[in-house]
Amino acid sequence: MVSTSENKNYKVIGTRPIRHDGYDKVTGRAQYGADIKLPGMLIGAVLRSPYAHAKIKSIDTSEAEKMDGVFAVMTSKDLPRLGDVVRGNSEESGSEKHLSENVMAFDKVLYKGHVVAGVAAKDQNTAFEAVKKIKVDYEVLKPVINVDQAMAKDAPILHEDYTGDHLGKKVKNSNVAAHARHEVGDIDDGFKKSDLVVEKEVDMQTVHQGYIEPHSGTAVWDEEDRVKVWTSTQGSFSVRDSVSKVLDLDVSRVKVTPMEIGGGFGGKIPIYLEPIAAVLSKKTRRPVKAMMSRTDVFDATGPGPGGKVKVKIGIDSEGKILAAYADIRLEAGAYPEAFIEAAAKCVFSCYDVPSMKIDAYDVLVNKPSSAPYRAPASPQVAFATETVVDEICEIKGYDPIDFRLMNVAEKGTRTALGPKYRTIGLKECLEAAKNSNHWKSTLDSNPSPGKKRGRGIASGYWFNIGFKSSVNLSLNPDGKVALTEGSTDIGGSRASIAMQAAEVLGIAAEDVRPSVVDTDSIGITDVTGGSRTTYATGYAAYNAAHKLIEEIIEKAAIKWDISEDQIEYSDGIVKSKTDSELKMTLKEIADDPPGGPIVSSASVDLEEAGGGFAVHIADLEIDEETGKTDVINYTAIQDVGKAIHPSYVEGQMQGGAAQGIGWALNEEYFMNEDGVMLNSSYLDYRMPIALDLPMIDTIMVEVPSEEHPYGVRGVGEPPIVPPVPAIGNAINDALGLRLLSTPMKPSRITEALKRKK
Amino acid sequence: MAENKVKKVAVNTKINGEEMDILVDPYVSLLETLREVVGITGTKEGCNDGNCGACTVNLDGRIVDSCLVLGVEVEGKNIETVEGMATPDGLHPLQQAFLEEAALQCGICTPGFLVSAKALLDNEPDPSEERIRHWLAGNLCRCTGYDKIVKAVSKASKESK
Amino acid sequence: MIKIFLPYKIRETLGVPTEIEADGSNLRNLIDHIEDAYPGVKEYLVDEGKLKPGMSAVIDGKTTRLGLIHKLDNVSEIHFLPSIAGGSE
Ligand code: FES
Ligand code: FES
């Protein structure tokens, strides 16, 4: 671990305690979304469109309704029809309408798998049989399934009623939901002065987050019009908001209890089945649980946008970057939002460039509505930029780390969107990469006949959001602390949050017991996403712990009848500053404190955590005959700010790298021209298995964030950004081939080798 | 309407050492039988088509994807699930190693990995990294990149010796 | 004076220079001053007495969470930008 912070004497932070929820998770006791069973519960199932683009002419549910064991059938007629919520300009227009249309189609289906009707029945089998009896009359339309098709003249239009925003102009009848631009400096001048200009366009296929737990939703709609929802989600409060909007209820009528979550990576922020289960429950007055199959998950949730990104970079004769231009076209799927602003923020984020221009297009296509996928849109743009940078180094003979260091973004560097960076640690990551054993080792480029090896390096960025979080603490009579919070725990955040409270209180991590509670039991807490949880909810825990100490001192003052400023607290002991006789442990003060139990709560609404950067090094071995690529060595280097629980930080780095490796080499939505995904199973959507990967070495660099008392930055997202270009650059190193499309699968490699000959 | 009514089948089986009689629909998988009929939900569903291993159980000493086995097929058999790994005296060394090595993030894949890995260590007390990766190739994990899982299995193998 | 940078599309639509200058004790007040110099800008930035949904203000590198009541002491530059969706772990 490389650390730039003077090593503060932390007692809890930086240690590796067993996570509090671990025991339930290794014994099978933990209850995930599909594990819930309520008395009298019915099973819900949905009918999904077989077409990627069609008008719904009519739906006949009568046969299904007549079936034995069927309790209710619903269509979008049972949902309130939300109007276009035009909030000022068109940026946000229609978002509530789209939210509800994505739950269940009203007039048109926009992707294969779009829900058109739902059923509640006594068991799964009956529900499936009933769904098959629903008859839908469609008028099938031609779909558009990539940005080129969608942006072509005379392309079929997904949303005739939608007003797009093209650089401030309102445009109807276009599949481009938005065209945004950012400009810093004068790129024409920059390119004119350049000694070398390199331009590349990459083409990324749609991918899926691939979390192992499929979505589910369970709901009870009671006689008082209160809706209780149990679901596996990254944000119980965002589910509450979304469900209340779709059902047109006040938020307080909806209570969401988060179940344990079996992976999300951004894909478990949207809602899907929850409102359907709720409406079916309203019709039956019984609990209803609906679950997705793996194929449903691929067909109708996620995906991470595919698209095309063109990047052009000019350098002077010394190797200093003078100008950079990007044209970014990303697939929003069926409804707007392809994360183009994030793409613009990330595309040149690793470099100090005096002039930049970015054109970004949010493009509607007949695919499921895109969801965030770990650093949304950053891998797509990094692939283009980092490939161009590698090509510049190749042409000019620069060492790829030295070139990056020469152009490195640092504190004070102006970013493409305009603002300057606060303290960031990219330079430290590049230096750590340069000093790593991996980079210093040599790679045998031709280990055996027919096999070639290559090494690639790339950097990447994510900006780490802040937002709202709340934490409650309560001191138990045994001197231990109960902590309640609203951030669902996908990968050890109960531990990283509890550890921050424990550090403040000077007690062991195990003595703070964290619980993730429902939306009625804690203040608003934004999603577990954007790499914000350990930062923001951890910050709230830090503040709540300080307030708890104030409470403890206040009660001790009453008990001892001395003034509060005579009292100090450290490491679980409250004592008088002057009288050494006056001293209590937490257990002693917690035993019947004057004026009631000792509790505290805190909430925050934070700015960004300070950007997170990662640098990855990949070594590949490629079989020239078959094109099979093995990752043989891999090192992930990242500025993590401050690692609260280093094991789970390493885990985020390794997991992100593994997802990125899958994205680079295998994963894609393989669609036919009708917009039907042909590989919607784990057999054919090939994610990395244990055998595909080497050990992933991690180097944690700690440049503390200015925004957090312990210097925490988000760590979940940066590690998925560098792998795709690092692997592309390694393939080029091995074979002298620039593959510009993902996935860089064996057939692409062998074809490119053939073309090269 | 007259549905073709399929009769449930009585099955006698042993789950985690406990003998039981259950009634199952003949078309229902062992996975659904465990979760819905027996009511133990530690065994997870990730795909229901034999490609993720989240539903792995041990059937008479062999590991199987319980989504690919019918409930009626387990008559007279011995099934071990994740719920059977810990004893009143404590966790199985693999469970302990998974906790210590942080080999789980979301934890949905963990029951499947534990059951698979236990079958490996039952037969091969000291597997190599290569062997562990081969053995676990049928279990998908999307969170960890497998690194810490492989290390945990290796650690448990050393400690249980 | 504080340097102000408006989003491309506002500059383009209203013909505002890339970089302008304005003063204000808080963000609300600053926007009023911008509006005086460049009529029409406010409508893009403010809605129902709040910073417009979908719009964010980055004050010396930090995106404000307080919005229009954010006090401006010792500020050198402010960027108004479309707010960014996304995020995952
Ligand atoms: S659920 Fe059985 S293998 Fe995936
Ligand atoms: S820990 Fe989440 S899938 Fe393995």
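1. In this predicted model, two pairs of chains are in contact, and of these it is chains A and B that share the most contacts. Chain B and chain C, by contrast, do not touch, and the nearest C-alpha atoms of these two chains lie 10 Å apart. The remaining points concern chain B.

2. As to secondary structure, chain B contains five helices and five strands, and a reader following the chain from the N terminus will meet these elements in the order β-β-α-β-β-β-α-α-α-α. The radius of gyration of chain B is 17 Å, close to the 15 Å given by the globule rule for 161 residues, so chain B is as compact as a globular protein of that length.

3. The overall dimensions may be set beside that value: along its principal axes, the C-alpha trace of chain B spans about 60 × 30 × 25 Å.

4. On the interior and the contacts within the chain, buried residues account for 54% of the 161 residues in chain B. If one takes the contacts in chain B between residues at least 6 apart in sequence, 53% of them join residues that are at least 24 apart.

5. Turning to the surface, the accessible area of chain B comes to about 6700 Å², and 47% of that surface belongs to carbon and sulfur atoms.

6. Lastly, on charge, chain B carries 17 positive and 25 negative charges, and the mean position of the positive charges is 3 Å from the mean position of the negative ones.

Note on methods. Residues numbered from 1 in each chain as written. Chains lettered and ligands numbered in written order. Predicted model: local features only at pLDDT ≥ 70, side-chain atom pairs only at ≥ 80, totals over all residues. Heavy atoms only, no water. Helix = DSSP H or I, 4+ residues; strand = E, 2+ residues; numbered from the N terminus. Rg over C-alpha atoms; globule rule 2.2 N^0.38 Å. Buried < 20%, exposed > 50% of the residue type's maximum accessible area, 1.4 Å probe, protein only. Contact = heavy atoms within 4.5 Å. Areas by Shrake-Rupley, 256 points an atom, 1.4 Å probe, with all protein chains shown as cover. Lys, Arg positive; Asp, Glu negative; His and termini not counted. Charge placed at Lys NZ, Arg CZ, Asp CG, Glu CD.
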